[in-house]
Amino acid sequence: MKTKRPSHAPISRSGRFVSGPSEAVARFTESVSFDRRLWAQDIQGSLAHAAMLHKVGLLTRAEYRDIRAGLEAIAGEIRSGHFVWKPELEDVHMNIEAELTRRIPAGAKLHTGRSRNDQVAVDLRLWVRDEIDGLLEDIRTLMRALVRLAGRSTEIWIPGYTHLQRAQPVSAAHHLLAYVEMLERDRSRFRDCRRRLNECPLGSGALAGSTLPLDRAFVARQLGFVDERGRPRVTRNSMDAVSDRDFVVEFCAHAALLAVHLSRLAEDLILWNSAEFGFIRIGDAFTTGSSLMPQKKNPDVAELVRGKAGRVIGNLTALLVLLKGLPLTYNRDLQEDKERLFDTADTVRACTRVLAQMLDEVEFQPDRCAAAVADPNLLATDLVDALVRRGVPFRQAHHLVGAAVARAEQLGCPLPQLPREEWKRIWPEFDPSLLEVFDLARAMERRTLPGSPGPGQVNRELKLWQRRLA
């Protein structure tokens, strides 16, 4: 006997069911409230699938034309905000398909040879691919902002730090370019992720493909799942294709590392902006005040960037825990991947954009920087090097200079002003000409090794990045 689907049941429930889900279950299981963000990719995938069904003879020309027009009309309504999303239809896929079928009878054929399992897999790959393309440009914009600020700061010398203790002098430009290097590695990782995810899972069905004559290569070409030579790339194992979320984890892992880099940059800006450092001033547009203390000017934007790294790291952890015990193939648990993915993408893109804008409102304060870098102890290692050049073994030279630093502290005088007799007591062969190493400008000029903060090297790196980011 033919069983009719209950009118209140979602179209995903077959004749196997005699009733729809309870209201509580419907509320608990719906995902359209967040996965509607995939609508553009869902329609893109459906258009490609429909074109393929027509190509292989499973849709007539008229049916294909009607389905394509219907999907394009629905896309226009979603784009304009006029489409009505229905939670009882569970997800973005069923909402679009149900509305298409309501308008166009041939819409009932669109799901031929397709499962929601491979449908969501292709939608997610398309979405992540689009996000990577946008994020790569966001990171590039931030790198340009760093290079611009570095270019304005080549004559600014500041202490470099280890253990948050003054260590050796560097240029502000060199410090900023360190973050450009980090961000370039981030870009490289995202490009690799994009290449790996760029395989088409459509045609994998629920888990075991289809007996219909589907043309997977055609769909892959339609959706841009191709290699550098334009050859189609399709997933090679149907079970892996519908259950694979490695690309989601990989995106979120790379995003977590990017968030860490942004957080470290934010921390440097926060420290430099403090009264204790005073190396920079951040423009009013990117600072806030206090509800109680009228004198305050807080670096809240940078602090939020630093804080938001925690949620991005947490999203990655949540995804790994979500996946760790799932058997093959698709399980409904995978519905939980999207909110973590969406939040990660939104967060890192927002942080990247706002930091780029803020850096254009950052100015170094030359007097405060000069006062900090005037500490002669920053050049103690240069004195060790000078002794080494005169034949003193490094460990002995290191010990002699350390003893001189300790004695200068005891006497309350800067290291270069330590009395000559004190130097002689520490090292009988002391030569006053060694104290020339404490000339900061000449000390920086001596830093000529590749990757060092000497003016020549920094200017070369600046020009290199200016060309690359043009």
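I began with one pair: the side chains of Arg 187 and Glu 184 meet in a salt bridge, 3.4 Å from N to O. The model I am reading is a predicted one.

I looked up where this pair sits. Arg 187 and Glu 184 both belong to helix α7, which covers residues 172–197, and because they are 3 residues apart there, about one helical turn separates them. I then checked their cover. Arg 187 is buried, at 11% relative accessible area, while Glu 184 is partly exposed, at 21%. The cut-off for buried is under 20%, so Glu 184 with its 21% counts as partly exposed.

Next entry, helix α7 again. Which residue forms a salt bridge with Arg 189? I found Asp 186, with the closest N and O atoms 3.1 Å apart. Arg 189 and Asp 186 are also 3 residues apart in helix α7, so about one helical turn lies between them. In this pair I noted Asp 186 as buried, with a relative accessible area of 0%. Arg 189 is partly exposed, at 23%.

I noted a network elsewhere: salt bridges with shared partners join Glu 77, Glu 99, Arg 102 and Arg 103. From this network I looked up one pair, Glu 77 and Arg 103, whose side chains meet in a salt bridge of 2.6 Å, N to O. This pair links distant parts of the chain, with the two positions 26 residues apart: Glu 77 is in helix α4 (residues 61–80) and Arg 103 is in helix α5 (residues 92–103). Are these two residues buried or partly exposed? Glu 77 is partly exposed at 26% relative accessible area, and Arg 103 is partly exposed at 31%.

I then asked how many salt bridges the whole structure holds. The search finds 35. As for the charges, I noted 68 positive and 61 negative ones in the chain, and their mean positions are 4 Å apart.

Last, I looked at the chain as a whole. I listed 18 helices and 4 strands. The radius of gyration is 31 Å, well over the 23 Å that the globule rule gives for 470 residues, so the chain is more spread out than a compact globule. Along its principal axes the C-alpha trace spans about 110 × 55 × 40 Å.

Of the 470 residues, 48% are buried. I put the accessible surface of the chain at about 23,300 Å², with 52% of it belonging to carbon and sulfur atoms. For contacts between residues at least 6 apart in sequence, I noted that 73% join residues at least 24 apart.

Note on methods
Residues numbered from 1 in each chain as written. Predicted model: local features only at pLDDT ≥ 70, side-chain atom pairs only at ≥ 80, totals over all residues. Heavy atoms only, no water. Rg over C-alpha atoms; globule rule 2.2 N^0.38 Å. Buried < 20%, exposed > 50% of the residue type's maximum accessible area, 1.4 Å probe, protein only. Contact = heavy atoms within 4.5 Å. Areas by Shrake-Rupley, 256 points an atom, 1.4 Å probe, with all protein chains shown as cover. Lys, Arg positive; Asp, Glu negative; His and termini not counted. Charge placed at Lys NZ, Arg CZ, Asp CG, Glu CD. Salt bridge = Lys/Arg side-chain N within 4 Å of Asp/Glu carboxyl O.
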